[in-house]
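Subject: Structure handover and notes

Dear colleague,

I am passing on the structure below, followed by notes on what was found in it. Please read them with the coordinates open beside you.

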Amino acid sequence: MSLMDLTASELSRLIATREVRPSEVMAAYLDRLLANDTINAIVAPRDPDVLMDEARAADEAAPRGWLHGLPHAVKDLVAVRGLRTTYGSPLHRDHVPAADDLVAARLRAAGAIFTGKTNTPEWGHGSHSFNPVYGVTRNPYDITRAAGGSSGGAAAALAARLVPVADGSDMMGSLRNPAAFCNVYGFRPSWGLVPADAEGETFMATMATDGPMGRTVEDVARLLETLSGENPAAPFPRPAFRYEPGPPADLTGLRVGWLGDWGGAYPCEPGILDLCRQGLEVLEQLGATIDDVPPPFPAEELWTAWIHLRGFLNAGGKGALWVDPDKRALLKPETVWEIEFGRGVTAADAYAASLIRSRWYHVASTLFDTYDLLVMPSAQVWPFPADWRWPRDINGRAMDTYHRWMEVVVPVSLIGLPSLAVPCGFGDQGLPMGMQLIGRAGTDARVLATGEAYHQATHWPQRRPPVLTA
């Protein structure tokens, strides 16, 4: 077994006790990296000789944090000092930042050795990780299929044992959808727990967040501790998350509400809901009580609010690229759609969308008076062919936008709830799927504790690793 088959926490403990040296881990990483040729998860790889020099230096250095000496590839939506950062866009094909974004700075401070980036769709738009700079990331469980996105490179690299733990980000399921597609864990924290960089608009842009991914919930929780903590220059701070090791939580009496496909509003391909039901049975066996919950809010209102607020923010943040004809020609059609839709959002539209969002937050809070957790599928479709841009229909129902097929993640994203995507197993075609464990805002520790108990009962990432050859 390669060292890269171990979890980040296991490697961290071995390095701390000097049973394993960072240089040994880096050598195992470089050997394992040959499998990347098959899936294209890690992009902008750094020079192997330089990486080995940095790892040997870490052999002798005092540990700076739990990631000391571990190889880490940062999502390509995060700027890393001195490392090519493209955002998946040809406009930034040769961009090399002079400074780290906050996520990269915190990873670096915890001792990680940056080996490259993980692939992402252009600007993170869409849950399929392809772009004109690096091409398509493929699913380690079936290389003809998509790995999801926008953290598709991170999820695929995790599943393929190319990285021990990964950072990702999530506006519209970008931590949860690829986790489901690749049989790993992805955690969208309560909004504000992992603060944003103090750049651009920071008061209204409260639907996207960075977060951790891993093959165990322990790794997810430990990386969340690294990434969390106030940024004094950004508004709406939350106290840092503290990882508390211990035995799995007792789920006896845990009240779980199953929202399923929201009364049919979110169509799911055959087999997905059945697999999620099997995941619910695990929680039930651990002591939880499961109730079917009818749709608590009109899905179409949530969608209307979502696309208006998302378009408004994209038009504001990327509108200058659209105005320049030369730059507009280099934008993907989905990004052009976002900007053009957002340019049509009026003040009245934005207010109405925010009002819907506020009403949904209130309704959700009453649900959490009854239930400790809510559960939904993490995705509505199985991993689809890698040569598609996006699924055009689900069960014959046409998707009217490039992202409508991801609608099941919107209720969480719209109001910033914590949501852990956990693996549920595999369908008839051998493809992975998962479900979301959703908590009240601020209950990240409870969600993760439930996820840890679930993981100890299932161990899906360890039970079914992908089979890859270089």
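Please keep in mind throughout that this is a predicted model. I begin with the second largest pocket, to whose lining α8 (217-227) and α15 (444-458) each supply at least two residues. The largest share of that lining comes from α15, which contributes five residues. The space in the second largest pocket amounts to about 350 Å³, and of the 17 residues that line the pocket, those closest to its centre are Y243, E244, P245, G246 and E452. In terms of class, the lining of this pocket consists of 11 nonpolar, two polar and four charged residues.

Turning to enclosed spaces, a search of the whole structure finds two cavities of 30 Å³ or more. The largest cavity has a volume of about 60 Å³, and its lining is made up of H125, G126, S127, H128, F130, K332, E334, R389, W390, Y402 and W405. Sorted by class, the lining of the largest cavity holds four nonpolar, four polar and three charged residues.

The second largest cavity, with a volume of about 40 Å³, is lined by L259, W360, L374, M376, P411, V412, L417 and I438. The elements that give two or more residues to the lining of this cavity are β13 and α14. Its lining divides into eight nonpolar residues, with no polar and no charged ones.

W360 also belongs to the next part of the picture, helix α13, where it is buried along with A350, A353, I356, R357, A364, L367 and F368. Helix α13 covers residues 347-370, which makes 24 residues, and it reaches 36 Å from its first C-alpha to its last, close to the 34 Å expected at 1.5 Å a residue. Among the elements that cover the buried residues of α13 are α10 (299-323), β13 (373-377), α14 (410-415) and β17 (432-438). Thus β13 and α14 appear both in that cover and in the lining of the second largest cavity.

As for the strands, three of them form an open sheet of mixed pairing, in the order β1-β3-β2. β1 (42-43) and β2 (71-75) stand at the edges with a single partner strand each, so one side of each has no neighbour in the sheet. Strand β3 (residues 113-118) runs parallel to β2 and is joined to it by five bridges; within this pairing, V74 has K117 in β3 as its bridge partner.

Elsewhere, strand β6 (residues 138-139) and strand β7 (residues 142-146) run antiparallel and are joined by two bridges, with N139 having D142 in β7 as its bridge partner. The connection from β6 to β7 is a hairpin through two residues.

One residue that may deserve a look of its own is H68, which lies in the loop between α4 (48-60) and β2. Is H68 buried or exposed? H68 has a relative accessibility of 8%, and it counts as buried because that value falls under the 20% cut-off. Leaving aside residues up to four places away in sequence, H68 touches I15, P22, A58, A61, A62, P63, A110 and G111. The C-alpha atoms of H68 and L107 are separated by 9.6 Å, and these two residues are 39 residues apart along the chain.

With best regards

Terms used:
Residues numbered from 1 in each chain as written. Predicted model: local features only at pLDDT ≥ 70, side-chain atom pairs only at ≥ 80, totals over all residues. Heavy atoms only, no water. Helix = DSSP H or I, 4+ residues; strand = E, 2+ residues; numbered from the N terminus. Expected span 1.5 Å × (residues − 1). Buried < 20%, exposed > 50% of the residue type's maximum accessible area, 1.4 Å probe, protein only. Contact = heavy atoms within 4.5 Å. 1 Å grid on protein atoms, 1.4 Å probe; cavity = no way out; pocket = protein on both sides within 12 Å on 5 of 7 lines; lining within 4 Å. Points joined across faces, edges and corners; volume = space filled by probe spheres on them. Nonpolar A, V, L, I, M, F, W, Y, C, P; charged D, E, K, R; others polar. Pairing = 2+ DSSP bridges.
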